[in-house]
Amino acid sequence: MKGAIDDVCRVRDILGDLAATTSYLHADAALGGMVLSFADRPEPYGFDVGSDSVSISDRKMIGSPLPGGVALTRREYALCVAHSIERVGVLDTTLTGSRKALTPLTMSYAFEQRELDGFRHVVNRCLETAEYAVTRLNDGGIPAWRNRSSVTVVFPRPSADVVRKWQLAPHGDIAHLIAMPHVTCETIDAVVEDCLE
Ligand SMILES: *Cc1c(COP(=O)(O)O)cnc(C)c1O
């Protein structure tokens with residue numbers, strides 16, 4: 001809801017302090033993974049700081065029209081779900097035991113089209129748009145804020161009309177907007193104008 005990025009190093013430290021004998025840390029980076037990979041001074045969340053698995057969604061920053069994603073884990077854990085398939089003589093390490101070819105194809109196409117520099121550009125534009133939204137809302141007297149390296153802007157829940165018109169996601173007395181690639185500064189201006197009415 002608030003686009004926060006958990007401090008994986010701190011979580012690991014706490015587990016250490018508690019002398020936890022077993023632990024498994026999954027980094028749900030569905031949205032944030034594709035942002036952090038291209039942001040300046042990104043918060044660490046990967047295997048290097050102690051995550052045991054990481055996942056990203058393909059229908060957010062990557063913009064795939066199909067639900068899908070990538071889940072990465074250490075080989076030892078991947079082998080826990082592996083079972084050999086005698087008929088085809090391979091080790092199946094998928095969770096579902098079956099997969100469609102179209103999902104990896106659309107992801108691969110997105111990366112080939114954009115390349116890493118393209119994604120870096122898109123992600124940084126989203127971060128700028130999010131910052132623009134915070135500034136515009138703040139200028140209008142609305143106490144909006146966002147976490148660093150986050151495209152999610154949090155602000156007090158506006159009227160039901162504004163929530164409905166812009167399909168905002170409210171939760172209790174707050175709402176958020178997420179600066180995805182199609183969100184422009186002009187859109188933000190229109191949202192802010194409606195919020196201030
Ligand atoms: C969007 C999101 C999900 C779900 O991703 P899907 O691609 O819809 O399955 C899970 N976790 C977080 C943090 C998300 O932002």
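User: What makes the link between S57 and the ligand a polar contact?

Analyst: This is a predicted model. In the model, an N or O atom in the side chain of S57 is 2.6 Å from an oxygen atom of the ligand. The cut-off for such a pair is 3.5 Å, so this counts as a polar contact.

User: Which distances put R59 and K60 in polar contact with the ligand?

Analyst: For R59, a polar side-chain atom lies 2.7 Å from a ligand oxygen. For K60, an N or O atom of the side chain is 2.6 Å from an oxygen of the ligand. Both values are within 3.5 Å, so both pairs count. The protein buries 53% of the 380 Å² that the ligand exposes when taken alone.

User: Which residues surround the ligand, and how do they divide by type?

Analyst: The shell consists of D28, A30, L31, S57, R59 and K60. Two are nonpolar, one is polar and three are charged.

User: Why is C185 not in a disulfide with C126?

Analyst: The closest cysteine sulfur to that of C185 is in C126, 11 Å away, which is too far for a bond. A disulfide needs sulfurs within 2.5 Å. The structure holds zero disulfides. C195 is in none either: the nearest cysteine sulfur, that of C185, is 16 Å away.

User: Why is C195 called buried, and C185 partly exposed?

Analyst: C195 has a relative accessible area of 18%. Buried means under 20%, so C195 is buried. C185 has 29% relative accessibility. That value falls between 20% and 50%, so C185 counts as partly exposed.

Conventions:
Residues numbered from 1 in each chain as written. Predicted model: local features only at pLDDT ≥ 70, side-chain atom pairs only at ≥ 80, totals over all residues. Heavy atoms only, no water. Near = heavy atom within 4 Å. Polar contact = N/O pair within 3.5 Å; in protein donor to acceptor, adjacent residues only side chain to side chain. Areas by Shrake-Rupley, 256 points an atom, 1.4 Å probe, with all protein chains shown as cover. Nonpolar A, V, L, I, M, F, W, Y, C, P; charged D, E, K, R; others polar. Buried < 20%, exposed > 50% of the residue type's maximum accessible area, 1.4 Å probe, protein only.
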